[in-house]
Every structure is written in structure tokens, then in C-alpha cells.
Amino acid sequence: MSQIYDTIIIGGGPAGLSAGLYAARSRMKTLLIERAKYGGQATTTDELENYPGSIEDCTGTTLSERMRKQAEEFGTEFAKDEIVEVELSGDLKVVKGRKETYQAKTIIVATGATPRLSGFKNELELRGKGVSYCATCDADFFTDLDIAVIGGGDSAITEAIYLTKFAEHVTVIHRRDALRAAKSLQEKAFANPKIDFIWNSTVEEALGDEILEGLVLKNRETGETSELKVDGCFVFVGYDPISKLFEGQIEMENQYIVTDDDMKTNIPGVFAAGDIRKKLLRQVITAAADGAIAATAAEHYIENHK
Ligand code: NAP
């Protein structure tokens, strides 16, 4: 625990990587700690059509790798570790990982969110055996097969459209009779001959022992149940914030971290950025913007506490 960083960024998605870039450009001694893959949720999508400038050849993975490289070139250090405990109240913040303990004057929390389970019977048992939460990772397994997508938000519709490049047919199962997704996405999905919709329905159970064979659906209006034969089922019913680590220290609402416009939390020297924040729009562009603001606010904090 020898080094004291100006800032430690917890989480290597677009918010964390952007914070890394801005912090390092301000000549802050910066460490970014990520437990798994850089890029976070962004790496689970191939379609980034609403990120300015990402017209062609720009997947979530390629954009994230460019962001990581850019932050590194300006001097951000990277560590692969899972943080298990934080002590945030003192002037020196302590972050304990499975491998090491780290110290910094400021912390930027950018831990993001994780896919939510739909809650049907057999969901966990058949996870990875036909039930998936990542189209980019698993689409290829379902080439020329029939699949279902659960959900009606941006993720479900973006990924349903993407999955038509692989699957024979995609059935979107939504619990209401109207989609939540952006209108432009809806128009694309409705015009796609490979996609159809089952409305007002929920998935009650996944059928199959070793591998997914079908779904039991329940119509929420009539109460009737039916079976849908599918080879794959992609679940996109939202995300849960990864904030448990900060409970009891950082102020939250519904498990999302509350910040002001400068990404400041209730704890001096602790900032939050990206999907972990309570906010209106959770996208790569807003995550990147949060990261830039958080790093700048952290720099100001250090300047004012000399
Ligand atoms: P979301 O907007 O929260 O939508 C979740 C969808 O799943 C809703 O349609 C919801 O139904 C449904 N749902 C929730 N729980 C369910 C359950 N247990 N069973 C069945 N259906 C359930 O989540 P998201 O689509 O993952 O998007 C998350 C955030 O990322 C949003 O801010 C979104 O704008 C952003 N995002 C943007 C893009 C893009 O711009 N291209 C792509 C992906 C994500 P109801 O509609 O009835 O509530």
C-alpha cells in the first residue's frame, strides 16, 4: 500500500475510461481498477448507432478498447482486481481489493450495472444453455435457429434487431402492449420481417433439462398459458446498479448513487459517474460525459484541499 494516487477510478466501462482519460490529461496520478472486462455493458452490444461519430466499424468492444488505450497513453494506470471493501470518510480514501489495498485522495465510482434476471422458473438452471443476457457474446450459437427476446426497452429492441443477422426468427415477448424503446428502434423492428411480437405476455418457465427447448408464456390479460418452441432466449429486462459495496457510506436512491451536477456524492472527495448514478439517460455518451466531469471535479477538489 505504498502509492497514494490522486484518484482511483473503480470500474472500467465508458464512464471509468473517460474519467481516466480526463484525470490523466490533468496530470493526476490515476489508477483505474476493473474486475472483469474493460468496456462494461458497452461490450455486450455491436450496435452503437447513437454514439456520435460511430457510423461504421464501431462496436461496443472496439470503442471501449480505443477509450482504454487513449487513457493509458495519457498515463492512466490499470489494475485487475475486485474491490471488496472501501473506507471513504477520511482525507485519504482506502480501497481494499482481493489482491491489494489501494489509497487515493479522491475516488470516482463507475461500477455500472448488471443485467437483471427476468425471474422465470429454470432461468438460472438454463443460463448459458440457451438462456443468455448478451447478444454479442452468444448470437453466433443461434445461427439459423429460432430465438426469443424478453423485454421492450432499448436493449431488447436493439439486440432483437442485431440477432436477426444470425437467427432464423426472433420473437419479442413483452409484458405490455407498447414498447418502451426509442421510436426509431421500434420502427426498425416493426419493419424487420424476421421479428414478430407477443404482447401482454410474460415468460413463466423455461423448458428443457440440459438445453433450452421452449418457453411457457402467460398472457397477462386472459391468464392463458401457451408454449413457444425456441432454441434460445435472450433476456433484456433492465439492469441493476452495482452499488452494494458503498451501502451505508454513499447516499443512494433505489440503489443508485445520488450526485450533484458535478458528480459529487455526499462524501467529500468521492464522485460517481455512469450507470451507477441516479439519472435520466443511461447510455455510452452520458457515461463518458459523467466520467469527464467527475475527473475534472476531482482535480478541483484536490486543488482546493492542498
Ligand atoms: P429498461 O429501459 O429498463 O427496459 C426494461 C424492459 O424490460 C421494459 O420494457 C420492461 O417492461 C421490461 N421488464 C422489466 N422487468 C421485466 C420482467 N421481470 N419481465 C419481463 N419484462 C420486464 O432497460 P434497458 O432496455 O436495458 O435499458 C436500460 C438503459 O440503457 C435505458 O436508459 C436505455 O435507454 C439505455 N440503453 C440505450 C440503448 C440505445 O440507446 N441504443 C441501448 C440499450 C440500452 P415495461 O416497459 O413494462 O416496464
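The protein in this predicted model is divided into two parts, domain 1, which is made up of residues 4–114 together with 239–304, and domain 2, which covers residues 117–235. If you take the centre of each domain over its C-alpha atoms, the two centres are separated by 31 Å. Where the domains touch, domain 1 contributes 8 residues to the contact and domain 2 contributes 11 residues.

The size of an interface is often given as the accessible area lost when the parts come together. For domain 1 and domain 2 this buried area is about 750 Å², and 40% of it lies on carbon and sulfur atoms.

With the domains in mind, we can turn to the ligand. It is surrounded by 18 residues, of which the closest are N50, D154, S155, R176 and R180. Each of the two domains supplies at least three residues to this shell. Looking at elements of the chain instead, helix α4, which spans residues 154–163, provides the largest share of the shell, namely 3 residues. Sorted by chemical character, the shell consists of 10 polar, 5 charged and 3 nonpolar residues.

Which atoms of S155, G152 and S118 lie close to N or O atoms of the ligand? In S155 a polar side-chain atom lies 2.6 Å from an oxygen atom of the ligand, while in G152 a polar backbone atom is 3.0 Å from a ligand oxygen atom. In S118 a backbone N or O atom lies 3.3 Å from a nitrogen atom of the ligand. Taken on its own, the ligand has 920 Å² of accessible area, and the protein covers 78% of that area.

How values were computed: Residues are numbered from 1 along each chain as its sequence is written. This is a predicted model: local features need pLDDT of at least 70, side-chain atom pairs count only at pLDDT 80 or more; totals for chains, interfaces and linings use all residues. Side-chain values use heavy atoms; hydrogens and water are left out. A residue is near a molecule or strand if one of its heavy atoms lies within 4 Å of it. A polar contact is a pair of N or O atoms within 3.5 Å; within protein, one must be able to donate a hydrogen and the other to accept it, and residues adjacent in sequence count only if both atoms are side-chain atoms. Accessible areas come from the Shrake-Rupley method with a 1.4 Å probe; for residues, only the protein chains shown count as cover. Helices (H or I, at least four residues) and strands (E, at least two) are DSSP runs, numbered from the N terminus. Ala, Val, Leu, Ile, Met, Phe, Trp, Tyr, Cys and Pro count as nonpolar, Asp, Glu, Lys and Arg as charged, and the others, Gly among them, as polar. Domain bounds come from an automatic or database domain assignment. Contact means heavy atoms within 4.5 Å. Buried area is the accessible area (1.4 Å probe) that two parts lose on being put together, summed over both.
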